[in-house]
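Biologist: I should like to examine the side-chain assignments in this model, and I ask that each be justified by its criterion.

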Amino acid sequence: MALAQPNPGGPARAGKHGGGPPPQRTAPPPLRGTLATTACMETLQVGYLHAVAAAAGCSLSQPFPDNGIDWHVSHGAPDHTVDDEVTVKVQLKCTYQIPPHPPGASFAFTLDNAHLVKLARTPVSVHKILVVMLVPRSQDDWLRAGHERLDLRHCCYWTNLAGHAVTGRHRTTVRIPTSRIFDDRALCEIMARVGAGGRP
């Protein structure tokens, strides 16, 4: 059991702070592991994807070996017309170089041309989407846990790049719509469109 200790100096010391509680001491930062920040970013975005898929009632599988696509997300529903279960391929990207709440209708994101060619191929039998997660630069700010919720910061956005042209010599800048926040409702809507024979 922890016991509150009296302030040194008694009431006179307490009066210095207006009779209120003493100033809060800042807790030392946690001792984080030495895993590279980029590896931790990959793990964080996978956690985000798992949470969204769980809330949307989707199953996940990871291709092995990875051939430029990170995850397959499958959604079964009796209302699908093309099959009882449809699948979308997901490529995940994560960056701290773009601040939260990007202004405007979209933000710029640069892809290696080889990745873009794979994501832009059309027609396809299984549709692909790109999911980009924006995170704070410091791991101290990545998540907050409480009794009611676990917050992951900042946000994931998605887009379908089918048919997008390669414009750069080695890398191409694409635009990610800020209206396309990747959450469980967005994923369900994507799957409903694919299940009806449309595009994501």
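Modeller: A disulfide is a pair of cysteine sulfur atoms within 2.5 Å. A search of the whole structure finds zero disulfides. The model is a predicted one, in which local features need pLDDT of at least 70 and side-chain atom pairs count only at pLDDT 80 or more, while totals for chains, interfaces and linings use all residues. Residues are numbered from 1 along each chain as its sequence is written, and side-chain values use heavy atoms, with hydrogens and water left out.

Biologist: How do you know that Cys58 is not bonded to Cys188?

Modeller: The closest cysteine sulfur to that of Cys58 belongs to Cys188 and lies 6.0 Å away, which is too far for a bond. Cys155 is likewise in no disulfide, the nearest cysteine sulfur being that of Cys156, 6.6 Å away.

Biologist: What makes Cys58 and Cys155 buried?

Modeller: Buried means under 20% relative accessible area, exposed means over 50%, and partly exposed is in between (1.4 Å probe, protein chains only). Cys58 has 13% relative accessibility and therefore counts as buried; Cys155, with a relative accessible area of 12%, is buried.

Biologist: Why is the contact between Asp140 and Arg32 called a salt bridge?

Modeller: The term requires a side-chain nitrogen of Lys or Arg within 4 Å of a carboxyl oxygen of Asp or Glu. The N to O distance between the side chains of Asp140 and Arg32 is 2.7 Å, so the pair satisfies that rule. Asp140 lies in the loop between β5 (128–134) and β6 (143–145), and Arg32 in the loop between α1 (11–15) and α2 (37–56), so the pair ties together parts that are 108 residues apart in sequence. Helices (H or I, at least four residues) and strands (E, at least two) are DSSP runs, numbered from the N terminus. Asp140, at 38% relative accessible area, is partly exposed, and Arg32, at 39%, is partly exposed.

Biologist: How many salt bridges does the rule give?

Modeller: The count comes to four. Among them, Asp112 pairs with Arg171, their closest N and O atoms being 2.4 Å apart. This pair links distant parts of the chain, Asp112 in strand β4 and Arg171 in strand β9 (residues 171–177), 59 residues apart. Asp112 is partly exposed at 32%, and so is Arg171 at 44%. Another salt bridge joins the side chains of Arg144 and Asp141, at 3.4 Å from N to O.

Biologist: What makes Phe107 and Tyr157 an edge-to-face pair?

Modeller: Rings of Phe, Tyr and Trp (its six-membered ring) pair if their centres lie within 6.5 Å; planes under 30 degrees apart count as stacked, over 60 as edge-to-face and the rest as tilted. By this rule there is one aromatic pair. Phe107 and Tyr157 stand 5.4 Å apart centre to centre with 75° between the planes, and the pair is edge-to-face. Phe107 lies in strand β4 (residues 106–112) and Tyr157 in strand β8 (residues 155–159), so the pair ties together parts that are 50 residues apart in sequence. Both Phe107 and Tyr157 are buried.

Biologist: Why is Gln91 classed as buried, and which side chain does a polar contact join to that of Gln91?

Modeller: Gln91 has a relative accessible area of 5% and is therefore buried; this residue lies in strand β3 (residues 85–95). A polar contact is a pair of N or O atoms within 3.5 Å; within protein, one must be able to donate a hydrogen and the other to accept it, and residues adjacent in sequence count only if both atoms are side-chain atoms. The side chains of Gln91 and Asp70 are joined by such a contact of 3.0 Å.
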